[in-house]
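Reader: Please take a close look at the enclosed space inside this structure, and set it beside the helix and sheet that can be described in detail.

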Amino acid sequence: MSAEPIADLSAQRVVWQPGPAQIERSRALAFARRHGLDGWDALVEEATRNPAWFWGAVSEELGLVWTQKFESVLDLTDGPEWPRWFDGGRMNYVTSAVDRWLPERADVVALHWEGEDGATSSLTFSELAEAVNRMANGLRHLGIGKGDRVGIYLPMLAETAIATLACGKIGAVFIPIFSGYGPEAAATRLNDAQARVLITADGFYRRGRIIPMKETADAAVALSPTVERVLVVRRTGSDVAWTQGRDSWWHDVSNAAAPDCEPVDTAGDDPYMLIYTSGTTGKPKGAVHVHAGFPVKAAQDLAFCFDVQHDDVLFWLTDLGWMMGPWAIAGGLIAGGSVLLYEGTPDFPEPDRLWQVVERHGATVLGISPTLIRSLMAKGDAWVTRHPMESLRTLGSTG
């Protein structure tokens with residue numbers, strides 16, 4: 001059998017090109033010019049030739065907050081397969097994502113949220129900082145500290161973003177778990193990571209029905225002997241089984257905690273997240289990501305490839321359990337934009353739900369998977385064209 005020929009992308013019809021306004025607004029172009037480079041091609045060439053220069057310059061461009069400046073950007077003493085990035089540097093990524101925007105942007109919305117049932121909420125940078133601090137202190141009260149692992153088994157709620165940031169603030173390592181997984185899949189990840197806490201919800205809405213999440217979480221914990229405490233977000237108000245001494249309501253823990261919390265002084269290569277492969281081709285494999293790694297690359301992606309700036313609203317349709325969930329939360333906030341999270345399915349109750357969400361919250365950057373694009377194409381163009389979506393300027397697709 002002969003291989004399929006590789007498509008010549010240069011021969012494809014270009015349906016849109018940026019105009020002068022978009023080009024002059026570009027963060028990537030401004031970055032290139034500041035470093036004496038003539039446009040995108042020159043920037044790519046120089047970054048490829050000198051990655052140490054590039055990532056050092058990116059750190060400055062993004063305004064990353066270092067409590068101790070790194071000694072070198074890239075150390076290849078042990079060979080290219082064992083690089084040491086930002087060697088000797090100390091930084092907690094949550095400082096760059098949230099705290100450094102205060103007080104100048106205290107009243108700017110940092111996080112938008114919409115549930116499938118139509119509920120909405122928003123948090124300013126000031127409100128997000130307080131919510132993160134309270135949960136960070138709450139986790140400490142539960143005995144969680146630097147290096148401890150915390151499973152996050154939630155749909156896309158505001159609390160989902162808060163939980164990831166709260167873990168980072170105290171140096172704990174979070175494990176994102178896809179909200180659609182059953183007990184065995186969740187337990188596989190909890191056991192491998194030796195998680196001490198699981199954060200979940202009473203349930204969530206999916207196509208008009210309440211999905212009983214706490215029941216599944218309880219079954220997963222029964223298979224995970226290292227899990228000592230379960231923190232439950234009250235999303236639906238459903239009655240749930242309760243294990244005294246183990247289970248706590250999110251709001252009780254948060255409300256009882258102090259609103260101020262100093263970030264743990266972490267090294268740039270200290271872990272902040274342990275994310276697993278899907279497990280479709282074998283046992284799930286965990287990848288360890290560090291404070292000065294994944295969040296920095298996510299922010300650089302969004303700043304240079306999607307041109308996310310302070311007036312942008314990033315909406316990437318994903319689950320926390322897929323890479324794009326942590327990517328959007330950490331990267332969007334470090335890049336200085338606002339992040340929009342949506343709990344439900346993109347075509348409920350009608351095929352234009354996704355476009356309604358874009359319009360309602362003024363999303364400027366939208367990310368969806370090729371699978372979803374093909375699914376929505378089958379519904380016809382009319383569902384899209386009825387919504388002007390004047391705020392939307394960039395579409396991304398991954399998966």
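Author: A cavity here is a set of grid points where a 1.4 Å probe fits but cannot get out. The model is a predicted one. Under that definition, a search of the whole structure returns one cavity of 30 Å³ or more. The volume of the largest cavity is about 40 Å³. Its lining consists of Pro176, Phe178, Tyr181, Arg189, Ile275, Tyr276, Thr277, Gly321 and Trp322. By class, the lining residues comprise six nonpolar, two polar and one charged.

The helix comes next. Helix α6 covers residues 125-141, 17 residues in total, and extends 24 Å from its first C-alpha to its last, close to the 24 Å expected at 1.5 Å a residue. Because 12 of these 17 residues are buried, α6 is largely enclosed by the rest of the structure. Among the buried residues are Phe125, Leu128, Val132, Met135 and Leu139, together with Asn133, Arg134 and Asn137. After α6 comes Gly143, which has a positive phi near 95 degrees.

The sheet completes the description. It is open and mixed in its pairing, with six strands in the order β4-β3-β15-β14-β16-β17. β4 (120-124) and β17 (394-396) stand at the edges with a single partner strand each, so one side of each has no neighbour in the sheet. From one strand to the next, the twist averages 15 degrees. At the β17 edge, strand β16 (residues 365-367) pairs with β17 in the parallel sense over three bridges. Leu366 has Leu395 of β17 as its bridge partner.

Methods
Residues are numbered from 1 along each chain as its sequence is written. This is a predicted model: local features need pLDDT of at least 70, side-chain atom pairs count only at pLDDT 80 or more; totals for chains, interfaces and linings use all residues. Side-chain values use heavy atoms; hydrogens and water are left out. Helices (H or I, at least four residues) and strands (E, at least two) are DSSP runs, numbered from the N terminus. The expected span of a helix is 1.5 Å times one less than its number of residues. Buried means under 20% relative accessible area, exposed over 50%, partly exposed in between (1.4 Å probe, protein chains only). On a 1 Å grid over the protein atoms alone, a cavity is a set of points where a 1.4 Å probe fits but cannot get out, and a pocket is an open set with protein on both sides within 12 Å along at least five of seven lines; lining residues have an atom within 4 Å of a point. Grid points are joined across faces, edges and corners, and a volume is the space filled by probe spheres set on the points. Ala, Val, Leu, Ile, Met, Phe, Trp, Tyr, Cys and Pro count as nonpolar, Asp, Glu, Lys and Arg as charged, and the others, Gly among them, as polar. Two strands pair if DSSP finds at least two bridges between them. Axes are lines fitted to C-alpha atoms, for helices over the stretch in contact, and angles run from 0 to 180 degrees between N-to-C directions.
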